[in-house]
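Here is a short walk through one protein chain. Keep the sequence beside the 3D view as you read.

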Amino acid sequence: MFVYIPMNSHQWLLRTRDGKREASWRMWFLIFLLPIGFLCATVWLVFQSLYLDATAARTIGEVVRVYEWEDWTPWDGDTMAYSPVFRYQFSDGSMTEASTGLSSPNWNFPIGSSHEILFSPDRKGDVKLNNFETLWAAPLIIALIALAALVPSGIASLLLLRWLKGGRKAVSAYR
């Protein structure tokens, strides 16, 4: 099956014109799309964590329930995941309960135990544990993926630069 995609003369990725090899900005964009996307996600997650840290109210929450279920992680394989529900005093003075909205094999807290939590004083809803795992693990993991994605992008850009340079040599060799 043949698929024809019509393109205008200004819509190209790679081309050779008059013996000179050229690469469109679109090609460079495609090469670095993945690492730039992960870098943008990292910046967004860091911004969210910094904003939460700056604007959230801190309090001590008491664990009233812990939901548990079987889960799988790449590090541990089959494991149990736990999602605690905390009772805490909201900014208006009322007692409320809220979950973190997240789960972890590390959060099998005993009922009645106390932990520092963060919550938005504007609305009742999810709370966040005030620890590295909740605030900074996701941005760190996404940043590491962005760095790992830079390796194939760097190799592809070196190959593209080599291809572009080869065209100039070929032109000068024939003159």
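Start with the surface. The model is predicted, and its protein chain exposes about 12000 Å². Carbon and sulfur atoms supply 62% of that exposed area. Now turn to the inside. The protein chain has 175 residues, and 27% of them are buried; buried here means under 20% relative accessible area.

Next, the secondary structure. The protein chain holds seven strands and four helices. Their order along the sequence is β-β-α-α-β-β-β-β-β-α-α. Two strands come at the start of that pattern, and two helices follow them. Five strands come next, and the pattern ends on two helices.

How do contacts span the sequence? Take the contacts between residues at least 6 apart in sequence. Of these, 59% join residues at least 24 apart.

Now look at the strand pairing. Find strand β3 at residues 57-73 and strand β4 at residues 77-89. The two pair in the antiparallel sense, over eleven bridges. A hairpin of three residues links β3 to β4. For a landmark, go to arginine 65: valine 85 in β4 stands opposite.

Stay with β4 and move on along the chain. Strand β5 covers residues 95-99. β4 pairs with β5 as well, again in the antiparallel sense, over five bridges. Here arginine 87 has glutamate 97 of β5 as its bridge partner. The hairpin between β4 and β5 has five residues in between. Check glycine 93 in that turn: its phi is positive, at about 95°.

So β4 pairs with β3 and with β5, antiparallel in each case.

Key: Residues are numbered from 1 along each chain as its sequence is written. This is a predicted model: local features need pLDDT of at least 70, side-chain atom pairs count only at pLDDT 80 or more; totals for chains, interfaces and linings use all residues. Side-chain values use heavy atoms; hydrogens and water are left out. Buried means under 20% relative accessible area, exposed over 50%, partly exposed in between (1.4 Å probe, protein chains only). Contact means heavy atoms within 4.5 Å. Accessible areas come from the Shrake-Rupley method with a 1.4 Å probe; for residues, only the protein chains shown count as cover. Two strands pair if DSSP finds at least two bridges between them.
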